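The following exercises are to be worked through with the sequence and the coordinates at hand. Each task is followed by a solution in steps.

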Amino acid sequence: MLLKKNSLKFGLMRLMSRKIYLFFTFCFLFFGILVALFTSLVNYRMQVVNIDNALALGFKNEKVSKTHVLEEFLAGFDASLSSIASNPITQRYMVEQSVVNMTALEEFLLGIIASKPIFMQLRLLDHNGVEVVRLNQDDLGKISFTPHSQLQNKSQRYYFQEVSKLSQNQHWHSRVDLNMENEQVELPYRPTIRAATPLYQEGEFFGMLIINVDFSEVLQTLTDSSEFTIFVVDKEGDILYHPNAALAWSAYIPGRKSFDELYSTFNNGIYEMNIEAIINNNEGLKLVMLPKQALLDAMHSKNQYTALVIAGIVLLISFPLSWLVALFPARLQKRLSQTLEALLRSDQLLDKHVITSHTDVEGIITKVSERMCCISEYSKEELLGSTHSMLKHPAVSSEVHTELWGAITKGEEWHGELRDCKKTGEEYWLNSKIMPEYDEDQKLIGYAQVAQDITSEKVLERLSVTDPLTQLFNRHKLNQVLVKELERFYRYDEVFSVVIIDLDHFKSINDTWGHQAGDETLVKVSQRLKMVTRKVDYVGRWGGEEFLVISPSTKLDGAKILAEKLRVAIEELDFSHQYKVTASMGVAASQESQSAEQLVASADKALYQAKSSGRNRVIVASIENS
């Protein structure tokens, strides 16, 4: 009986033990399931957040890249306008609208547009809005002048009205639209943007330069992305440009939908980048970036798979492998960190190779790039806390910096060339763009400068045409001018003259007073020649003590009068060693079937006659000699 009771008791105990085991097993499995579900849910939510962060970081990188592309394009665009406006050829035309200056201007503008395949049209308008010159370049690169009879009055066009109100060196950008021909949209579509700058002569509005540029390549670059579908939208909601050509230019092509109509139900996140502040054309342009569906699907699919794998692992081995929950986020975080490191490396490259500086509202330097320190030869410690006035070249007019500060303190961008000094005193040139900087509350916090080193271009430009002692044109430049003036003479029958000048007994000055006195003589004579001649005349050192004056649009009698004035002016010069200098001169005018060498030889023969006749006189070449 007792055996039976004990057997029953053991059986009940075994049964209870089995039930307890099953109970704990069930609880463990249930707890494991709860842990797996909870872990999977938490992990999935973490991945969603990381996806959002990854997309936001991708948008930030795209924004930096697109901003750089657009700013670089507009900077080059505006630099072309400023270069044309400040060029001596343009300046001479504004001073005197002669046939000679018009021809030089046309040739200059032809060279500009030929070097810029994206320039579709280049025009100069006078102060009344009448086109003076218009060059056109088609998509095949063919360039043509619009005949003078077809030039138009654009005084009532919106761009003339707006540009004529701008200050000197300001730039205006138009809306982005499609190129029109004969009031019809040109096919294939050619997205176009225009830029203009006013021209001022002695403070008076002279006219303007305006360039039409093919904007296709820039738009393609702005909308190119492996992660986002990017397109350009204006403030009216019209789509200007879209990678899918069938969705672009909704404002111009009937039947095409606006942004709101196409994407009103899009719920995967829309990123917008306002580019109005960069392009500044009152069009309210922005880049809209939509994550590509394939990218989103891949991210979400990967997240779902990861959640299921983690749930299975937790169910199988429960707590010992719970740390696997963070495995995928760690990997994703590593990728994000690597992306951030790449961005920082990019910033380092910009710091090393791009000239930039930042100041506060008082002009105190707060930040400079490594490239800025390299070109100025000042350390960061020396520049920080100082002002840019420590870099200003002493020969620079205060008007340049007055104009600069006048523009940026009004909240405007300033673009121009600055001549500065290195720590060693050596000069360097910067093509600079200076703009105001604002905080999140749109409060002015300082100014930023982005610049390009153009020192070598300035040096080459000066050395290639200048005699180092007298600072007059050199013989190479004079030969170029002679050829161009002869071409103009053959084309327009516009007579020009040359005066060749030789200083009398110059060798005796060197022998008696030394070569330093000889150099002083050449410099003073050069300065007097520049004072007496006209702005349109070309004065240069022909060689040794010989000078050559090329006088456009001047016949022989006029050239003789000019030569006599020059002779008297040289004779009246005073020198430190109390000696007098006189000059003999030969004058010749251009004639048919005559080369540049023959023209100069004719003047030189007249000079020889002046020397033989007693010196200090002017002899005009006869027609036979010419």
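**Exercise 1: Salt bridges**

E131 and R134 form a salt bridge, with 3.3 Å between the closest N and O atoms; the term requires a side-chain nitrogen of Lys or Arg within 4 Å of a carboxyl oxygen of Asp or Glu. The model is predicted: local features need pLDDT of at least 70, side-chain atom pairs count only at pLDDT 80 or more, and totals for chains, interfaces and linings use all residues. Residues are numbered from 1 along each chain as its sequence is written, and side-chain values use heavy atoms, leaving out hydrogens and water.

Task: Determine which residues the network around this pair joins, and state whether E131 and R134 are buried or exposed.

Solution. Step 1: Salt bridges with shared partners connect R123, E131 and R134 in one network. Step 2: E131 and R134 are both buried (under 20% relative accessible area; exposed is over 50%, partly exposed in between, with a 1.4 Å probe and protein chains only).

Task: Characterise the salt bridge between K286 and E272.

Solution. Step 1: The N to O distance of this pair is 3.3 Å. Step 2: K286 belongs to strand β13 (residues 286-291) and E272 to strand β12 (residues 271-274), so the contact ties together parts 14 residues apart in sequence. Strands (E, at least two residues) and helices (H or I, at least four) are DSSP runs, numbered from the N terminus. Step 3: K286 is partly exposed because its relative accessibility is 22%; E272, at 41%, is partly exposed.

**Exercise 2: Helix α18**

Task: Compare the expected span of α18 with the distance between its end C-alpha atoms.

Solution. Step 1: The helix has 17 residues (596-612), and the expected span is 1.5 Å times one less than the number of residues. Step 2: This gives 24 Å, and the end C-alpha atoms are 24 Å apart, which agrees. Step 3: Among the buried residues of α18 are L599, A603, A606 and A610. Step 4: After the helix comes G614, with a positive phi near 120 degrees.

**Exercise 3: An open sheet**

Task: In what order do the five strands of the open sheet lie, and which are the edge strands?

Solution. Step 1: The order is β15-β14-β18-β17-β16, with antiparallel pairing; strands pair if DSSP finds at least two bridges between them. Step 2: β15 (365-368) and β16 (414-421) are the edge strands, each pairing on one side only. Step 3: Three bridges link β14 (residues 355-359) to β15; in one of them, H358 is partnered by K367.
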